[in-house]
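Colleague: I should like to learn how to read a structural model feature by feature. Could we take the general idea each time and then turn to the case at hand?

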Amino acid sequence: MAKDPQFTGAKSHLEMGSLEGRAVLQLEDENLVNSKNNDRRTSSMDATPQISVFDADADDVSCKCMWYNLVRQMQIVLFSKKLNMLIPCGPLAILVDELTDHHGWIFFLSLLGIIPLAERLGWATEQLAFYTGPTVGGLLNATFGNATELIISMYALRSGMIRVVQQSLLGSILSNTLLVLGCAFFGGGLVHSSKDQVFDKGNAVMNSGLLLMAVMGLLFPAVLHFTHTEVHFGKSELALSRFSSCVMLVAYGAYLFYQLTSQNSLYMPIAEEEGENDGSADEEEAPEISKWGSIIWLSILTLWIAVLSEYLVNAIEGASVALSIPVSFISVILLPIVGNAAEHAGAVMFAVKDKLDISLGVAIGSSTQIAMFGIPFCVVIGWIMGRPMDLNFQLFETATLFMSVLVVAFMLQDGTSNYFKGLMLLLCYLIVAASFFVHIDPESIQDKPKKP
């Protein structure tokens, strides 16, 4: 069978990129070599490693591909969401702090600047989760979803603002269990009003039990303090808090081990539900950046949040006076809402898609991590720093947490949800917010910030 000359020429042109075609490359005329160079300049990034040693512009092509990849990632991370328009508020807060003493503006701008960073931090974690699997990915989401609150707490603890640390961590639990979960139940219930949405009752009950264990850890030091039954006044309470914190950290470590080794992992519904999706859904949920790109952006965003958190913490006292808002309201309500921005959006989105197990993994999982890891971790870090951080969150705060966890536990016990349950949780959060708006700490326990 005779071969078409054009087909033969095209085949020889394709063979020029392979290892076997290098001998042919040396025998081709200079026009074909130049044509091949032009083709390689317009090829994809995957083709760049095959550039021949005779190509004069090989380094230029690699450099262009690297810059193209960098610009593409910056466009995706920084300009793909309208919420990112708030990112300049961060540098503006630093500028206002350098030029003026308006703590209200510094606090407000820092707060606005952290909101898109918290959302992008959650997004970058989700990108990394594509490469780690559903269980590890779910734990990463919970961990970095709480990174903002933990970073703010570390700066506040270093400044001696123990009440701000206690109240912000408490507010994070209340925000996740009442506000985030309430919005998820309410949004999902409205979209799927013809039926009750269902979720894994076993995992929900397990997390409710962990939250109740955390409440017990906070309740006993508070009761010990207010009943004046300490063996050594002022010391037994702190010693009990540190011992209970170590026990809670061991319990959380055992919980992580169970989640990573059990086939009934809290985060396994993510993999199962994704497996049920069609091919178009798989394309929508493909990673947008590479594994190392996710790690690099996680580091950059975490560092920038840490910088803004320092300005935010330093401006809390001044903002409270300037805005006539109690420090407790700022710590319990405003700071956690900013830190939970990513969880809030994600939980509602998954509930609307009838993926309620993921919503509970985000909301209740984050609350469990703050209660069983974040709070005791801060106690241990305060122990190392020489700060008397303890688990006595005072009677008002402890009672609020106890009632909130009880309400959520009763809502989760039957394994179903609807918009009315979501509305009840939202109204409970409204009551909590109003309570802290009229609550102020007695002077004896108010923070007296120290310089590290």
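**Reading the model**

Modeller: The protein comprises 20 helices and two strands. Please keep in mind that this is a predicted model.

Colleague: What share of the residues of the protein counts as buried?

Modeller: Of its 452 residues, 50% count as buried. The accessible surface amounts to about 22400 Å², and carbon and sulfur atoms contribute 66% of that area.

Colleague: How should I read the contacts in terms of sequence separation?

Modeller: One takes the contacts between residues at least 6 apart in sequence and asks how many of them join residues at least 24 apart; in this protein the share is 80%. Asn340 offers a case, for its C-alpha atom is separated by 9.6 Å from that of Gly122, although their positions lie 218 residues apart along the chain. His102 and Ala319 offer another: they are 217 residues apart along the chain, with C-alpha atoms separated by 8.2 Å.

Colleague: Where are Asn340 and His102 found?

Modeller: Both are in loops. Asn340 is placed between helix 16 and helix 17, whereas His102 is in the loop between helix 5 (89-99) and helix 6.

Colleague: Is each of them buried or exposed, or something in between?

Modeller: Asn340 is buried, because its relative accessible area of 1% falls under the 20% limit. His102, at 48% relative accessibility, counts as partly exposed. Beyond residues up to four places away in sequence, Asn340 touches Glu149, Ser172, Ser175, Asn176 and Val180.

Colleague: Glu149 belongs to helix 8, where it is among the buried residues. How does one check the geometry of such a helix?

Modeller: One compares the distance between the end C-alpha atoms with the span expected at 1.5 Å a residue. For the twelve residues of helix 8 (residues 147-158), the expected span is 16 Å and the end C-alpha atoms are 17 Å apart, so the two agree. Helix 6 (residues 103-132) has 30 residues and reaches 42 Å from first to last C-alpha, close to the expected 44 Å.

Colleague: How many residues of each helix are buried?

Modeller: In helix 8, ten of the twelve are buried, so the helix is largely enclosed by the rest of the structure. The buried set includes Ala147, Leu150, Ile151 and Tyr155. Helix 6 is mostly covered, with 21 of its 30 residues buried.

Colleague: What is notable about the backbone just after helix 8?

Modeller: Gly160 takes a positive phi of about 80° there. Positive phi values also occur in residues other than glycine: Ser324 has one near 55°, and Asp354 has one near 65°.

Colleague: Where do Ser324 and Asp354 lie?

Modeller: Ser324 is in the loop between helix 15 (316-323) and helix 16 (327-339). Its relative accessible area is 61%, so Ser324 is exposed. Asp354 occupies the loop between helix 17 (341-352) and helix 18 (356-385), and with a relative accessible area of 29% Asp354 is partly exposed.

Colleague: How is the nonpolar interior to be read?

Modeller: One looks for buried nonpolar residues that are joined through their side chains. The largest such core has 96 residues, and those with the most contacts inside it are Phe107, Leu181, Leu360 and Leu412. Helix 9 (residues 162-191) supplies the largest share of this core, 14 residues. Leu360 touches Leu181, Phe185, Phe199, Ala204, Gly365 and Leu412, leaving aside residues up to four places away in sequence.

Colleague: A polar residue may be buried as well. What does Ser245 contact?

Modeller: Ser245 lies in helix 11 (residues 236-261) and is buried, with a relative accessible area of 0%. A polar atom of its side chain lies 2.7 Å from the backbone oxygen of Ser241. Setting aside neighbours within four places in sequence, Ser245 is in contact with Pro376, Val379, Val380 and Leu391.

Colleague: Finally, how many disulfides does the structure hold?

Modeller: A disulfide is a covalent bond between the sulfur atoms of two cysteines. The structure holds zero disulfides. As for individual cysteines, Cys246 is partly exposed, with a relative accessible area of 34%, while Cys378 counts as buried at 0% relative accessibility.

Methods. Residues are numbered from 1 along each chain as its sequence is written. This is a predicted model: local features need pLDDT of at least 70, side-chain atom pairs count only at pLDDT 80 or more; totals for chains, interfaces and linings use all residues. Side-chain values use heavy atoms; hydrogens and water are left out. Helices (H or I, at least four residues) and strands (E, at least two) are DSSP runs, numbered from the N terminus. Buried means under 20% relative accessible area, exposed over 50%, partly exposed in between (1.4 Å probe, protein chains only). A polar contact is a pair of N or O atoms within 3.5 Å; within protein, one must be able to donate a hydrogen and the other to accept it, and residues adjacent in sequence count only if both atoms are side-chain atoms. Contact means heavy atoms within 4.5 Å. A nonpolar core is a set of buried Ala, Val, Leu, Ile, Met, Phe, Trp, Tyr and Cys residues joined through side-chain atoms within 4.5 Å. A disulfide is a pair of cysteine sulfur atoms within 2.5 Å. The expected span of a helix is 1.5 Å times one less than its number of residues. Accessible areas come from the Shrake-Rupley method with a 1.4 Å probe; for residues, only the protein chains shown count as cover.
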